[in-house]
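Hi everyone, thanks for coming. Let me put the structure up on the screen and then walk you through a few parts of it.

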Amino acid sequence: MISKTLIVNGMTKTLLVNPEDSLADVLRGQLLLTSVNVGCGTGQCGACNVILDGKLVRTCTLKMKRVEDGAAVTTLEGIGTPEHMHPLQLSWMFHGGAQCGFCTPGLVMSSTAFIEKHKGQPVTREEIRRGHAGNLCRCTGYDAIIAAVESCLNDTPPQNTCACLRKPDGPCHHHQS
Ligand code: FES
Ligand code: FES
């Protein structure tokens, strides 16, 4: 076992880990960050994506012995909460980007990295599509996902839409506080 300190979603965590375990194993098994889904387990599908020191990485094939001490990890849990969703998450709901949702956390992490890289630049749908080619979704189809990212890039996410999507211009009567 080795000791690793990670900054996970802004919080410092010091852990004893097996150097041969993957970062996905540690995030899910030790830190209970279950948004980090393991689909293929072989670096093909992107379901396990997180942002590590500013770069999008697949965690299923990244062994802990290769993760730098002090590295900063952002998972979906660090992007938004049910009460305060990130515009990307609202946009995903609005455009119907998820069905079973298994691929969604990894895709949202890819989109977060993509938007960070392309902020303020004109980006075509084809470029968004290519930028998400490393993520596989077996149910939704990609059009809704690309539309969600495009709407965030153009700064037109449905910010005021009720999270339940019943009402496009603010909380519906079920969700008024
Ligand atoms: S589970 Fe990691 S890339 Fe598929
Ligand atoms: S929504 Fe089911 S795998 Fe993408």
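I'll start with the core and then turn to a pair of helices. This is a predicted model, in which local features need pLDDT of at least 70 and side-chain atom pairs count only at pLDDT 80 or more, while totals for chains, interfaces and linings use all residues. Residues are numbered from 1 along each chain as its sequence is written, and chains are lettered from A and ligands numbered from 1 in the order in which they are written.

So, the core. The largest nonpolar core, meaning buried Ala, Val, Leu, Ile, Met, Phe, Trp, Tyr and Cys residues joined through C-beta atoms within 7 Å, has 35 residues. Buried here means that 20 or more other C-beta atoms, placed from the backbone, lie within 10 Å of a residue's own. Helix H5 (143–153) gives the most to this core, six residues. Helices and strands are DSSP runs, of at least four residues (H or I) and at least two (E), numbered from the N terminus.

Next, helix H1, residues 23–30: Leu-23, Ala-24, Val-26 and Leu-27 are buried there. After H1 comes Leu-32, with a positive phi near 60°.

Finally, our pair: H2 (87–95) and H3 (104–118) pack at about 125°, with axes 11 Å apart. Axes are lines fitted to C-alpha atoms, for helices over the stretch in contact, and angles run from 0 to 180 degrees between N-to-C directions. The two helices are therefore oblique: under 35 degrees is roughly parallel, over 145 roughly antiparallel, 65 to 115 roughly perpendicular, and the rest oblique.

Terms used. A residue is buried if 20 or more other C-beta atoms lie within 10 Å of its own, exposed if 12 or fewer, and partly exposed in between; C-beta atoms are placed from the backbone.
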